[in-house]
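Trainee: I'd like a close look at one buried spot in this protein, and then the sheet around which I can place it. Could you walk me through it in one go?

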Amino acid sequence: MTSSQDNIYAKPYQKVSDFQFDDKVAGVFNDMIRRSVPGYGQIINTIGDLAHKNATPNSKIYDLGCSLGAVTLNVRRRLEGRNCQIIAVDNSESMIERCKQNLSAYVSETPVKLICGDIRDIEIEQASIVILNFTMQFLAPVHRERLLKKIYDGLLPGGILVLSEKLYFEQDRIQATLDDLHLDFKRANGYSELEISQKRSSLENVMKPDTLQQHEERIRAQGFDQFSVWFQCFNFASMVAMK
């Protein structure tokens, strides 16, 4: 998947607007997330491995918040011969259009149904895997528990939820230390102080991260009896829950 360089916040704005997954962001998204999320490539590849180990034949796999389709592509490569269907959902028309182009570049016997819509409105059924890869943090906190309940109810016995999120830490020194390490990561990837500051301002009202404890408590409250973090780098983590 090709991408232009992310320079959206390279020039100063009088007022920084709230972050949106619009056409401008979709056009640079690969570069943006590679330079912003430590371990992103490892997370994408390992989600494919998790799908290979846990996808049930004749089941459905949901990629909720699919963006340009990186997760869907990696999962699809690992499902040949299982007669599964992938349902990939995003509420950004720009993301869905580019996702369609990315998927069409690779031949596969595993069908993908692309839906441009709100993940809260999607019916989950006959699922062996549901993936929320840096998606739920953009959903209003009041809607998160209901979505997880819907996912749990739609998973087959033994099905798994993969959830990747930016974390918030209640311990001040830990939060400050990991936040500083993340900022250093972005600087090392070529972002200027202006870009970092303006991007942070654009996300303040849009992205609301939870603590790891909040994630686990909310997930277990829906009925999942097994939960673990399988990846963490700085304040970014990916978790797996099993029904």
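**A histidine and its surroundings**

Mentor: Let's start with His-215, which has a relative accessible area of 1% and is therefore buried. Keep in mind that this is a predicted model. As for where the residue sits, His-215 is part of helix α8, which covers residues 212–221.

Now look at what surrounds that histidine. Leaving out residues up to four places away in sequence, His-215 touches Met-136, Leu-163, Glu-165, Leu-167, Asp-210 and Met-239. Take two of those partners and see where they lead. Met-239 falls within strand β7, which spans residues 236–242. Met-136 falls within residues 61–159, the stretch that UniProt lists, in an unreviewed entry, as "domain: Methyltransferase". That span is 31% helix and 27% strand, and its end C-alpha atoms are 10 Å apart.

Follow the β7 lead and you land in the sheet. Seven strands make up this open sheet, with mixed pairing, and the order reads β3-β2-β1-β4-β5-β7-β6. At the edges are β3 (112–116) and β6 (226–233), each of which pairs on one side only. From one strand to the next, the twist averages 15°.

Stay at the β6 end for a moment. Strands β6 and β7 run antiparallel and are joined by seven bridges. For a concrete pair to click on, take Phe-231: its bridge partner in β7 is Ser-238. Over by the other edge strand, helix α4 (residues 93–104) packs on the sheet and touches β2 (85–90) and β3. The direction of α4 makes about 165° with that of β3.

Zoom out and the whole chain comes into view. The protein has eight helices and seven strands. Its radius of gyration is 18 Å, close to the 18 Å from the globule rule for 243 residues, so the protein is as compact as a globular protein of that length. Along the principal axes, the C-alpha trace spans about 50 × 40 × 30 Å.

Back to burial, then, since that's where we came in. Of the 243 residues, 51% count as buried, and His-215 is one of the buried ones. Among contacts with a separation of 6 or more, 79% are between residues 24 or more positions apart. As for the outside, the accessible surface comes to about 11800 Å², with 47% of it belonging to carbon and sulfur atoms.

Note on methods:
Residues numbered from 1 in each chain as written. Predicted model: local features only at pLDDT ≥ 70, side-chain atom pairs only at ≥ 80, totals over all residues. Heavy atoms only, no water. UniProt positions renumbered as here; feature names shortened; annotations may be inferred. Helix = DSSP H or I, 4+ residues; strand = E, 2+ residues; numbered from the N terminus. Pairing = 2+ DSSP bridges. Axes fitted to C-alpha atoms, helices over the stretch in contact; angles between N-to-C directions. Contact = heavy atoms within 4.5 Å. Rg over C-alpha atoms; globule rule 2.2 N^0.38 Å. Buried < 20%, exposed > 50% of the residue type's maximum accessible area, 1.4 Å probe, protein only. Areas by Shrake-Rupley, 256 points an atom, 1.4 Å probe, with all protein chains shown as cover.
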